[in-house]
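User: I should like to go through the assignments in this model and hear the grounds for each of them.

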Amino acid sequence: MDKIKVLEVNNIDLPGRRFNGYNMIKEISDNNISVKQTVIIKQSKNDSVIPLLSNDTFMNEYYKFQITEDKLSIHNVFSITTPALLNLKEYKEADIVHFHMFHNTKLSIYSLIKIAEEKKVIISLHDPWFLTGRCVHFYDCLLWQKGCKKCPDLTTMFSFKEDNCQMLWKLKKYVFDNIDVDIVVPSKWMESLVKKSPIFEHNRNNVHFIPFGIDLKKFDSINTKDARAHYNLKDDEIVLFLRAQNEFKGTTYVLEALRKLKTNKKIVVLTCENKGLLDEVKNKYKIIDLGMIKDKEMVYAMKACDIFLMPSKGESFGMMAIEAMASSKPVIVFDNTALPSVVHANECGIAVKDRSSDELRHAIEHLIDNKEERERRGLFGKKICQEEYQLDRYNKDIKDLYNNVYLRETKKRKPSSSFTKDPKIQALLHSAITSEEEKLNLNIDYSDPFIQEQIMIFNNEEYQCIKRESKKFKNIVKNILKKNKFLYNLIRKILRRN
């Protein structure tokens, strides 16, 4: 068998390197498999990582498309990254294309149909975005199971000004109804969601549960005494560690719990990522805000703490919870998302009522006052990591997946016809419309395959013009006007709305 060539696709290489494809370059590549990665933002000096956008003009267009889509309340439709990927040498050579964090790449959702016709495709679901019309985490909302009609909250990530959620949900369903791809999920919770999702109805037999793995040796390289000395911590101080981020990680609930916390012990709160979120209680506790940290500093923080807090509102796996367990630290989570099963609550980790700061406070107080239980749960967490979250096991599972996907006979589905009910667009498919006003009054239904085909043409035209250094937009629309009057007027209308 020839060496299998795999291209990992993500928006950035080093942040999230443990699960976004970068580490696979070294850890998965062998005599049978060759792994490369393409990203929008390259931070490493690794020659096997290829920038997807080759110059500043392409990057400017990438950011311009983000602004345009924000104003139009859509995402992953207008894309400079899609034609860039399709024209990439490493893409053309690849046997398998493995997508990570697809929404961050700003690749066209609709382009998956073309890509799946040309390549074997694997999509890792790092969050439920592909299951919904818009949001990254749906929290208590169940509309993702019914089509995302009338979104109750457009402010969560990714926020919209207009409710186009149902339209984009239909687009995703149309795409996955017409492709045969393999789906990777990191938790049983995510697997259950995919099984329930109408969007993945035709791909449910190709869902692979592969929990992330970590290098346990890394967490044995630093002992607790040295880690605590690293932060000048005293022996009688109890250290709580958390990732400070309000959007998903539940930091507001930690703040509420800390306000009400009752203990005679000296408490230190160690945070990473966002600084200043716990300033309100800095007179009550010693707060150490580390900000954005790299892997080695993460190990120091995990080994230095006594309790790790991860009361996330949305989580498809919970890598930091596993890192805490690998450091023999007990973890407190909310009883939602993937975390309770990942940390084996309540046998190992402790799961409390979702979004209850009072129950979170009680759990923190209980562990503060019970050193033996902290140590028992911590040791059990280390044992679970050794049994379930070993890096070698993860790498073997990924290699097996690549071999199986390479050999699997994929079904080529014939895309169904355009399902728009707009009579003007239906008429346009069969006859020319001469009135400019009539053309510009067309409703733009982004879920319609015909509209998506036109936008794909536009995306490619823009890419080709930039490649030829025809930087002015008027050159692009001139090229389009010569070939496709409908597309020309469609883009004009979009720009008027923008």
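Analyst: The discussion below takes the assignments in turn and sets each value against its criterion. The model is a predicted one.

User: What is the overall make-up of the protein chain in helices, strands and buried residues?

Analyst: The protein chain has 21 helices and 13 strands. Of its 498 residues, 58% are buried. Its accessible surface comes to about 22100 Å², and carbon and sulfur atoms account for 47% of that area. Among contacts between residues at least 6 apart in sequence, 69% join residues at least 24 apart.

User: Why is the pair Lys286 and Glu237 called a salt bridge?

Analyst: The criterion is a side-chain nitrogen of Lys or Arg within 4 Å of a carboxyl oxygen of Asp or Glu. The N to O distance for Lys286 and Glu237 is 3.0 Å, and the pair therefore satisfies the limit of 4 Å. Lys286 lies in strand β10 (residues 286-289) and Glu237 in strand β8 (residues 237-244), so the salt bridge ties together parts 49 residues apart in sequence.

User: Why is Glu237 classed as buried, and why is Lys286 classed as partly exposed?

Analyst: Buried means under 20% relative accessible area, exposed means over 50%, and partly exposed covers the range in between. Glu237 has a relative accessible area of 7% and is therefore buried. Lys286, at 35%, falls between the two limits and is therefore partly exposed.

User: How do you know that Arg243 and Glu273 form a salt bridge, and which strands hold them?

Analyst: The closest N and O atoms of Arg243 and Glu273 are 2.4 Å apart, which is within the 4 Å cut-off. Arg243 belongs to strand β8 and Glu273 to strand β9 (residues 266-273), with their positions 30 residues apart in the chain. Arg243 is partly exposed at 28% relative accessibility, whereas Glu273 is buried at 17%.

User: What makes Asp295 and Lys218 a link between distant parts of the chain?

Analyst: Asp295 and Lys218 form a salt bridge, with their closest N and O atoms 3.8 Å apart; this value also lies within 4 Å. Asp295 is in helix α11 (residues 295-304) and Lys218 is in the loop between β7 (207-209) and α9 (224-230), and the two are 77 residues apart. Asp295 has 31% relative accessibility and counts as partly exposed; Lys218 counts as partly exposed at 25%.

User: How many salt bridges does this rule give, and which residues are joined into one network?

Analyst: The count comes to 28 salt bridges. Glu61, Lys64 and Glu462 are joined into one network by salt bridges that share partners.

User: What makes strand β5 largely enclosed by the rest of the structure?

Analyst: Five of the five residues of strand β5 (residues 120-124) are buried, so the strand is largely enclosed by the rest of the structure. Lys120, Ile122 and Ser124 point one way, Val121 and Ile123 point the other way, and all are buried. In a regular strand, side chains alternate between the two faces of the sheet.

User: How do you know that β5 pairs with β4 and with β6?

Analyst: Pairing requires at least two bridges between the strands. Strand β4 (residues 96-99) and β5 share four bridges in the parallel sense, and Ile96 has Lys120 as its bridge partner in β5. Three bridges join β5 to strand β6 (residues 182-185), also in parallel, with Val184 as the partner of Ser124. Both counts meet the requirement of at least two.

User: Why is strand β1 described as mostly covered, and which strands does β1 join?

Analyst: Eight of the nine residues of β1 (residues 4-12) are buried. Eight bridges join β1 to strand β2 (residues 33-41) in parallel, and four join β1 to β4, also in parallel. Val6 stands opposite Val35 in β2 and has Ile96 as its bridge partner in β4.

User: How do you know that the length of helix α19 agrees with the expected span?

Analyst: At 1.5 Å a residue, the 19 residues of α19 (residues 449-467) should span 27 Å; the end C-alpha atoms are 27 Å apart, which agrees. Asp448 caps the N-terminal end of α19, with a side-chain oxygen 2.8 Å from the backbone nitrogen of Phe450.

User: Why is Gln245 called buried?

Analyst: Gln245 has 12% relative accessibility, which is under the 20% limit, so the term buried applies. Gln245 lies in the loop between β8 and α10 (251-260). Leaving aside neighbours within four places in sequence, Gln245 is in contact with Gly250, Thr251, Glu273, Asn274 and Leu277.

Conventions
Residues numbered from 1 in each chain as written. Predicted model: local features only at pLDDT ≥ 70, side-chain atom pairs only at ≥ 80, totals over all residues. Heavy atoms only, no water. Buried < 20%, exposed > 50% of the residue type's maximum accessible area, 1.4 Å probe, protein only. Contact = heavy atoms within 4.5 Å. Areas by Shrake-Rupley, 256 points an atom, 1.4 Å probe, with all protein chains shown as cover. Expected span 1.5 Å × (residues − 1). Polar contact = N/O pair within 3.5 Å; in protein donor to acceptor, adjacent residues only side chain to side chain.
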